[in-house]
Every structure is written in C-alpha cells, then in structure tokens.
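Here is a friendly walk through one structure, with headings for the pocket, the annotated spans, the salt bridges and a few chosen residues. Keep the viewer open as you read.

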Amino acid sequence: MQQAGASVSEVEVTWEDQQNINKFGRLNNRLHELEDEIKIAKETNESLEDASNELILTDEDIVRFQIGEVFAHVPKDEVENRIEQTKEVTEKNLEKLTEEKESIVSQMAELKKILYSKFKDSINLEED
C-alpha cells in the first residue's frame with residue numbers, strides 16, 4: 001500500500017549496477033589513500049630540499065648523515081649525491097601517484113555519470 005503524496009519510484013539494482021557501485025567505493029578508498037601518499041611525498045620533497053639548502057650553507061667537509069637510526073660522518077659531496085638521488089626517486093614517485101590519482105578521478109566521474117543517470121536522487125556519491 002502506497003502512502004498518500006509519496007511518489008517514490010523504485011529502481012531495480014542490477015548485478016552490473018552493484019558492481020559499478022562497488023567499483024566506485026573501491027576507487028574512492030584508493031583516492032583517499034593516494035591523497036595521503038601524495039601529501040607524504042610532498043612533505044618528504046620539502047624536507048629534502050631543506051636539507052639540501054642547509055648542506056649548501058655548511059662549511060664542514062664531513063657532515064653527520066642519518067642512515068636508518070644511526071648518524072654517520074659522511075663527506076659532504078656524498079651526502080649531496082644521496083640527497084639528490086632520494087629527491088629524484090621521490091619526485092618520480094610523486095609523479096606516478098599524481099597520474100594514478102588523475103586516472104581514478106576520471107574513472108569515478110564516468111561511474112558517477114552512469115549511476116546518476118540511472119538512480120537520479122536515489123543515490124549519493126558525493127562526499128560531505
């Protein structure tokens with residue numbers, strides 16, 4: 001029995017629709033993970049840049065360099081090389097993460113179009 005004034009149309013959720021909804025959820029979770037990883041990579045890049053700048057300002061030929069949990073006395077040139085190598089690796093990782101994020105955002109936009117076209121206001125895919 002339908003209540004007076006209620007004109008809610010029930011849309012059948014097919015197996016394919018459920019797969020799209022599940023895929024959207026997985027992509028959304030991965031997007032949040034990527035955003036965290038990108039933030040960490042950016043912070044690491046900034047720290048490496050700061051370390052590089054501090055190294056330029058020092059007059060020492062031998063500097064303390066942290067390897068794991070230990071500080072070792074390492075020649076300044078070697079430390080500069082290690083910092084540069086680490087920055088390159090971090091920048092490549094950041095670039096890869098950004099590309100993956102863009103891909104996920106576009107996939108999510110496509111899924112939103114598909115799901116909103118079928119379910120209209122019956123589904124909410126937006127974050128508050």
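## The largest pocket

With 4 residues, E1 gives the most to the lining of the largest pocket. Please keep in mind that this is a predicted model. Strand E1 covers 62–67, and it shares the lining with helix H1 (15–57) and helix H2 (76–119), each of these elements supplying at least two residues. The space inside comes to about 160 Å³.

If you would like to select the lining in your viewer, pick Ala 51, Glu 54, Leu 55, Thr 58, Val 63, Arg 64, Phe 65, Gln 66, Val 79 and Ile 83. By type, the lining residues are 6 nonpolar, 2 polar and 2 charged.

## The annotated spans

The UniProt record, an unreviewed entry, lists residues 24–54 and 80–114 under "coiled-coil region". What does the model show over these two spans?

Residues 24–54 are 100% helix and 0% strand, with 45 Å between the end C-alpha atoms. The span 80–114 is likewise 100% helix and 0% strand, and its end C-alpha atoms are 51 Å apart.

## A salt bridge between the helices

How many salt bridges does a search of the whole structure find? The count is 10. One of them pairs Lys 118 with Asp 17, where the closest N and O atoms are 2.5 Å apart. Because Lys 118 belongs to helix H2 and Asp 17 to helix H1, this pair ties together parts that are 101 residues apart in sequence.

Are the two partners buried or exposed? Asp 17 is buried, at a relative accessible area of 7%, since the cut-off for buried is under 20%. Lys 118 has 31% relative accessibility and counts as partly exposed. As general background, side chains of opposite charge can pair when their charged atoms come close.

## Salt bridges within helix H2

Other salt bridges have both partners in one helix, and two of them are worth a look. Arg 82 pairs with Glu 78, with 3.1 Å between the closest N and O atoms. These residues are 4 apart in helix H2, so about one helical turn separates Arg 82 from Glu 78. Both side chains are partly exposed: Arg 82 has a relative accessible area of 31%, and Glu 78 has one of 34%.

Further along, Glu 110 forms a salt bridge with Lys 113, and here the closest N and O atoms are 3.5 Å apart. Glu 110 and Lys 113 are 3 residues apart in helix H2, about one turn of the helix. Glu 110 is partly exposed, with a relative accessible area of 40%, whereas Lys 113 is exposed, at 55%. Elsewhere, Arg 30, Glu 33, Glu 37 and Glu 100 are joined into one network by salt bridges that share partners.

## Contacts from Ile 104 and Asn 20

Which residues does Ile 104 touch, leaving aside those up to four places away in sequence? They are Leu 27, Arg 30, Leu 31 and Leu 34. Ile 104 sits in helix H2 and counts as buried, with 5% relative accessibility. The C-alpha atoms of Ile 104 and Asn 28 are 8.1 Å apart, although the two positions lie 76 residues apart along the chain when counted as sequence separation.

Asn 20 offers a view from helix H1. This residue is buried too, at 14% relative accessibility. With residues up to four places away in sequence left out, Asn 20 touches Leu 111, Ile 114 and Leu 115.

## Lys 42 in helix H1

Lys 42 is also part of helix H1. Its relative accessible area is 44%, which makes Lys 42 partly exposed. What separates the C-alpha atoms of Lys 42 and Glu 91 in space? The distance is 8.4 Å, for a pair 49 residues apart along the chain.

Key
Residues are numbered from 1 along each chain as its sequence is written. This is a predicted model: local features need pLDDT of at least 70, side-chain atom pairs count only at pLDDT 80 or more; totals for chains, interfaces and linings use all residues. Side-chain values use heavy atoms; hydrogens and water are left out. On a 1 Å grid over the protein atoms alone, a cavity is a set of points where a 1.4 Å probe fits but cannot get out, and a pocket is an open set with protein on both sides within 12 Å along at least five of seven lines; lining residues have an atom within 4 Å of a point. Grid points are joined across faces, edges and corners, and a volume is the space filled by probe spheres set on the points. Ala, Val, Leu, Ile, Met, Phe, Trp, Tyr, Cys and Pro count as nonpolar, Asp, Glu, Lys and Arg as charged, and the others, Gly among them, as polar. UniProt positions are given in the numbering used here, feature names are shortened, and annotations may be inferred rather than shown by experiment. A salt bridge is a side-chain nitrogen of Lys or Arg within 4 Å of a carboxyl oxygen of Asp or Glu. Buried means under 20% relative accessible area, exposed over 50%, partly exposed in between (1.4 Å probe, protein chains only). Contact means heavy atoms within 4.5 Å.
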